[in-house]
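Student: I would like a close look at a single strand, beginning with one of its pairings and then moving out to the chain around it. Please take me through it.

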Amino acid sequence: MHLETADTGFYLRKALPALVLTALVFLLPVGAVFLRAFSDGHELVSTFTDSYTWRLLGFTLLESSISALVSVLLALPFALFFSRYDFFGRRALLTISDAAFALPAVLAVLGFVIWYGNNGLLNNALEILTAGRIQLKVLYSFKAIILAHVYLNFPVAFSLITGALLSMSDQEELASRLLGASEMRTFLRVTLPKIRGTLASAFTLIFLFCFPSFLIVMSLGGNPRFYTMEAEIYKRTYTDANPASASALAIFSFLIMTVLLIVTGHGRQGTRVSRRKKHLKKPEGRSHALSVVLSLLIVLFIAPPMIAILYRAFFTREGVFTLKAWTDMARRSTGAGTGLMAVANSLVIALLSSLAAMVLASSIAMGAARRKTGFLALLTSLPMAVGSVSMGLGFSFAALYVPFRNTFFSYVMVFLAHLVVVLPFAVRTILPGARRIPLQLSLCAMTMGKSTSEAYRKIEYPLLCSYRRRAFAFSFALSLGEVNATLALGEGRINTIPVLIYKMINQYNYQSASALSVILLSIALAVFALGESKGGANGVS
Amino acid sequence: MAFLECRDLKRVFPGKFALSLSLEVSRGELLCLIGPSGSGKSTLLSLICGIDRPDSGRILIDGRDITDLEIRKRNIGMVFQDYSLFPSMSVGENIRYGMKETDKAERKQKTAELLDLVGLPGYEKRSVHELSGGEAQRIALARAIAARPDILLLDEPLSSLDAPLRRRLRTVIRQIHDETGITMMYVTHDREEAFAVADRIVVMKGGRICACGDPESIYRRPSDLFTAFFTGDGSAIPMSYLTGSETVSVAFFRPEDIEIDARHSSDKYYTLKDAVVESCEFTGSLYIVRLSYKGSKILVHSNHKPSGHSVTLCILRDRILEMKDDLQ
């Protein structure tokens with residue numbers, strides 16, 4: 001059954017303004033980068049042929065691949081166990097993992113510095129416990145980058161794989177065991193082929209998250225040897241003051257990322273969803289002990305850096321309780337503005353960009369779902385191919401063409417940059433919901449004399465409610481944690497919470513950074529709760 | 001004059017399927033479309049309600065050409081197999097959605113009447129998520145009727161329900177048809193359902209109509225072997241086994257038109273001696289006996305169990321249909 005061309009045209013018309021706006025906001029910075037890069041052909045050619053560029057690409061591919069692989073492999077056994085047994089604390093740990101989607105990278109950086117740092121809380125504890133015989137050296141190394149990426153992405157892989165396993169029936173596994181196969185043979189021959197698509201999707205998603213990694217690389221790598229392409233673009237722009245070279249590298253990165261997006265987009269497989277409800281077992285004996293061990297491992301991996309932040313927000317390095325960081329919040333701190341100003345900036349920018357992203361993404365997703373084409377979704381994925389540092393760079397080039405410069409203008413540029421960064425994620429969040437709305441619902445409305453537009457407004461739009469809310473929350477969390485583009489565009493005039501935290505980390509002012517991080521974490525968790533809250537019985541499932 | 005007229009309708013899906021037919025439906029008639037999967041039943045409904053457009057031909061309702069009209073301007077109701085109730089609305093809101101009445105009290109009153117009609121009084125405030133399959137389909141029916149369509153199309157409305165519920169609901173649908181007098185086109189793959197509800201049955205195959213008539217004549221006097229077997233059980237054996245004459249045609253008869261081990265006069269019955277019993281199943285009300293005669297298979301519904309392995313069959317002469325063997 002299909003809609004007449006005239007009716008699908010409605011969805012395209014509806015999506016068109018959003019697409020045009022997205023294209024403009026995306027093409028503006030990218031065009032500016034291209035213009036700048038092509039104005040110096042020699043620099044472009046030398047960047048593309050420079051062996052250092054290719055070494056940089058090799059390293060970026062390596063760190064993203066290892067981060068994604070470790071995250072997925074580590075998450076797999078946990079997901080297998082959590083999708084088979086029901087035990088005390090299971091739901092809480094799954095919720096915490098889901099919440100980690102909303103965790104800004106800057107919090108991981110600060111948490112790692114305070115917890116794993118050479119003078120961090122873990123080493124302090126080890127010094128007391130082992131009388132100084134054992135000291136961990138984690139930070140400022142390749143393993144620190146990988147560990148931080150895994151810290152942020154293990155919960156992503158864990159949630160995705162557990163969700164996929166829970167949506168599948170375990171009848172095939174049961175049949176395999178009844179036919180005499182061992183646990184291992186059943187896993188390798190039955191379970192693994194079923195979740196191959198999910199594992200590939202999780203790997204791809206994490207790989208794409210880690211490829212343009214900037215903050216973690218700059219703060220925890222501590223050595224230009226470990227620079228990714230995004231970090232190098234930032235260095236060439238702001239440290240070397242060589243925008244032509246930075247633009248050439250940004251274009252190289254954009255081309256590579258576009259190829260990766262297209263390749264991974266084609267290779268992704270869906271998950272077979274079973275309608276048969278899966279019954280979770282109560283763990284007994286060895287599996288009960290395993291449930292305790294696995295739960296503890298997750299808690300011990302995820303919680304310490306965040307608890308360390310909470311601790312440092314109220315205690316000095318020497319362990320003395322203080323509220324200084326909180327009372328200083330209203331005073332002028334690093335750069336322009338105060339901590340409170342940064343909170344206000346973050347909230348306003350995140351609110352506006354996520355609202356705009358939600359509205360634009362709704363019409364784009366409905367258009368993509370009804371036209372049954374991956375082209376629209378791919379088009380809106382394109383901003384993902386541009387790292388946020390490059391995006392910031394592009395916007396600052398574009399800003400050069402504007403004759404006046406003031407704070408308001410900077411705010412607008414930051415808002416647009418945030419919008420472009422979060423929009424692809426908003427579209428991806430709403431698209432599955434749009435695809436789930438049966439075409440028959442609007443056809444039904446039409447047989448009752450309603451127009452396509454009326455059917456869209458009254459029938460389809462309300463059904464996207466929970467997806468829109470989730471997209472809003474996801475966009476808000478992403479915007480809230482955004483550092484790179486804001487740093488590049490704010491020109492010191494605009495401090496958001498993560499930007500201020502980043503600056504404070506660089507000044508070793510961990511206490512104030514921690515106090516701000518507690519606020520950032522609280523807002524991120526509140527937004528996560530909003531996204532996950534039940535939306536009544538109106539959603540499509 | 002026909003109320004609904006499909007005139008030389010053609011719809012081609014290159015390399016897959018082609019629909020080509022003409023059909024007339026009278027005002028107030030309940031017409032059932034039956035046929036195997038891919039015979040074009042749902043395609044025909046899609047063309048009539050405007051979800052799809054024909055490559056050529058016209059569709060007229062009460063003399064008005066609706067072929068090029070938008071879906072919403074056709075005033076044709078549709079009930080889908082999966083109910084398609086709007087999940088964001090309550091039962092009452094679903095029913096009122098397509099109503100033409102504007103007065104609030106009148107709409108409320110009409111909702112209550114329709115809920116009574118489908119046997120679900122007091123369901124107005126319920127969420128559609130609380131409904132069972134049978135209840136959801138009745139609400140879908142009420143919602144479609146509420147819009148006062150000229151014709152109601154039902155696309156396998158009972159397919160996703162279990163057998164006892166299907167039997168109960170088909171009676172409800174027939175009663176609603178009789179009370180409202182609405183013209184209905186009902187697609188089903190269940191021949192028993194079609195016989196139970198239809199005024200007239202159209203049998204489709206490969207995008208064409210191969211038989212059309214009232215249920216009894218379709219069952220008793222099918223025009224070809226496909227229709228004969230599609231509309232009920234039966235046996236087809238070479239005509240020469242019965243008459244002794246040299247002919248290539250086949251004799252078709254229903255299982256209830258044969259008796260086992262009976263002694264009847266030859267002017268009313270054909271007799272087949274030494275038919276071999278291959279299986280015998282007792283269903284409670286009768287025996288289903290499968291036999292073999294000179295290599296042909298024969299199915300019999302018998303009131304008693306065959307007396308032995310080799311039996312004599314008596315087939316009612318006037319129930320035998322001589323047909324071309326067009327199934328091979």
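Tutor: Start with one residue: B:Cys32 has B:Ile201 as its bridge partner in β9(B). This is a predicted model. The pairing belongs to a longer contact between strands, as β3(B) and β9(B), the latter covering residues 200–205 of chain B, are joined by four bridges and run parallel.

A second neighbour is strand β8, residues 183–187 of chain B, which is also parallel to β3(B) and linked to it by four bridges. Here B:Leu33 of chain B is matched with B:Val187 in β8(B).

Now the surroundings of the strand. Strand β3 of chain B spans residues 30–34, and because five of its five residues are buried, the rest of the structure largely encloses it. The cut-off behind that step is 20 or more other C-beta atoms within 10 Å of a residue's own. Burial applies to both faces of β3(B): one side carries B:Leu30, B:Cys32 and B:Ile34, and the other carries B:Leu31 and B:Leu33. B:Cys32, where we began, is therefore one of the five buried residues of this strand.

As for the chain as a whole, 40% of the 328 residues of chain B count as buried. Chain B contains nine helices and 18 strands. Its C-alpha atoms fill a box of roughly 75 × 45 × 35 Å along the principal axes. Of the contacts in chain B between residues at least 6 apart in sequence, 65% join residues at least 24 apart.

Terms used:
Residues are numbered from 1 along each chain as its sequence is written. Chains are lettered from A and ligands numbered from 1 in the order in which they are written. This is a predicted model: local features need pLDDT of at least 70, side-chain atom pairs count only at pLDDT 80 or more; totals for chains, interfaces and linings use all residues. Helices (H or I, at least four residues) and strands (E, at least two) are DSSP runs, numbered from the N terminus. A residue is buried if 20 or more other C-beta atoms lie within 10 Å of its own, exposed if 12 or fewer, and partly exposed in between; C-beta atoms are placed from the backbone. Two residues are in contact if their C-beta atoms, placed from the backbone, lie within 7 Å. Two strands pair if DSSP finds at least two bridges between them.
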